[in-house]
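Here's a quick tour of side-chain contacts and inner space in one protein model. Have the viewer open as you read.

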Amino acid sequence: MTGAPARLLAWLAVMATLLTACTPAVDLTEPGAGQPVASQSALPTAADLEAVPSTSAIQTPVSPQPAPPLAAPPPAPPAVPQAFALNLYQDGDFVPQYTFDWCVAASIQMAHNLIDDTRGGIWASSTQQSELWEMARARSSNSFNGANPRGWAQVLTEVGMGPYAVVSVATYEDTLQTAARAIAETGRPVGLVMWSGRHAWVMSGFESMGDPAQFPEFQVTGIRVLDPLFPHGSGQWGPSPEPNSLLTPEQLAVQFVVREPRRWSADLPTGYLLVLPVAA
């Protein structure tokens, strides 16, 4: 062969090789061989439609229900009574009785001093005590020529410390609660009718378990007292406590006893007598 035909044959062999490399290999034995491949935009097949849930199978969204109301918090535990104390006494409030008969008048003077926190004028003179005694006697019916609790209460009211009233309480515990509550509510002292009706003391304060303003029932544990007969006392009833003494209920009960009815108090029931401050 000449050089030209040889070059032509070599060129044809190269072209055949290139054409073979560019032809895609297709396995005619596989299913769907040679078939066009569906693109993503092709219509869904019947199998695809079966996979889609029908309209009747789609549940309608349910509107959210309102949340149930919150449960009420548990009630607070009841308050526990705590120690409480109230005392109206200040130095200088005590006044002695200048005779063995003038206990009511001296108690009226001490009541004034306990109420007057300005300390503008202490009531303590014997002359004034005599005048107060006469006022109380004049207002005490059937008093055996003395002053009784009704005259005591009326004078306290008339001279500007009232109103006061005489009350009889049947039980000792209720009497102490009544007296303590009156002091707490009015800021004024209570008169104690001592020795079964023969003597007068002033209750100027108290200690208790529980504040009377918060607890209807509370326990009085101590009583502040002023005995105008101090320092003498009584051979029958016992010594007079020092001014502003804090007595236990048991100590006070030695001299503070039930007042049996007598002529001037026949309309009062048997019990413990108090000259009690009343809220105006």
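Let's start with Glu207, which is partly exposed at a relative accessible area of 28%; that label covers what falls between buried (under 20%) and exposed (over 50%), using a 1.4 Å probe and protein chains only. Before going further, some housekeeping: this is a predicted model, where local features need pLDDT of at least 70 and side-chain atom pairs count only at pLDDT 80 or more, while totals for chains, interfaces and linings use all residues. Residues are numbered from 1 along each chain as its sequence is written, and side-chain values use heavy atoms, with hydrogens and water left out.

**Salt bridges**

Glu207 is the partner of Arg224 in a salt bridge, with the closest N and O atoms 4.0 Å apart. Arg224 sits in strand β5 (residues 219-226) and Glu207 in strand β4 (residues 199-209), so this pair ties together parts 17 residues apart in sequence. Helices (H or I, at least four residues) and strands (E, at least two) are DSSP runs, numbered from the N terminus.

How many salt bridges does the structure hold? There are 4, counting a side-chain nitrogen of Lys or Arg within 4 Å of a carboxyl oxygen of Asp or Glu. The table shows three of them, including the one just described.

| Pair | Closest N and O atoms |
|---|---|
| Arg137 and Glu134 | 3.5 Å |
| Arg150 and Asp267 | 2.8 Å |
| Arg224 and Glu207 | 4.0 Å |

Arg150 belongs to helix α5 (residues 149-158) and Asp267 to the loop between α7 (249-252) and β7 (272-277), so their bridge links parts 117 residues apart in sequence. Arg150 is partly exposed at 27%, whereas Asp267 counts as exposed at 58% relative accessibility.

Arg137 and Glu134 stay within one element: they're 3 residues apart in helix α4 (residues 126-138), about one helical turn. Arg137 is partly exposed at 26% relative accessibility, and Glu134 is partly exposed at 40%.

**Aromatic pairs**

On to the rings. The structure holds 6 aromatic pairs, meaning Phe, Tyr or Trp rings (the six-membered one for Trp) with centres within 6.5 Å; planes under 30 degrees apart are stacked, over 60 edge-to-face, and the rest tilted. Among them, Tyr172 and Phe256 have ring centres 6.3 Å apart and planes at 55°, so the pair is tilted. Tyr172 lies in helix α6 (residues 172-186) and Phe256 in the loop between α7 and β7, so the contact joins parts 84 residues apart in sequence. Tyr172 is buried at 18% relative accessible area, and Phe256 is buried at 1%.

Trp195 and Trp237 make a stacked pair, 6.3 Å centre to centre with 5° between the planes. Trp195 is in the loop between β3 and β4 and Trp237 in the loop between β5 and β6 (245-247), so they tie together parts 42 residues apart in sequence. Trp195 counts as buried at 10%, and Trp237 is buried at 16%.

Tyr172 and Phe256 also join Tyr272 in one aromatic cluster.

**Inner space**

What about cavities? The structure holds 2 of 30 Å³ or more, and about 50 Å³ of space lies in the largest cavity. Residues lining the largest cavity include Trp152, Leu156, Tyr164 and Val202. Helices α3 (103-115) and α5, along with strand β3 (190-194), each supply at least two lining residues.

A cavity here is a set of points on a 1 Å grid over the protein atoms alone where a 1.4 Å probe fits but cannot get out, and lining residues have an atom within 4 Å of a point.

Notes: On a 1 Å grid over the protein atoms alone, a cavity is a set of points where a 1.4 Å probe fits but cannot get out, and a pocket is an open set with protein on both sides within 12 Å along at least five of seven lines; lining residues have an atom within 4 Å of a point. Grid points are joined across faces, edges and corners, and a volume is the space filled by probe spheres set on the points.
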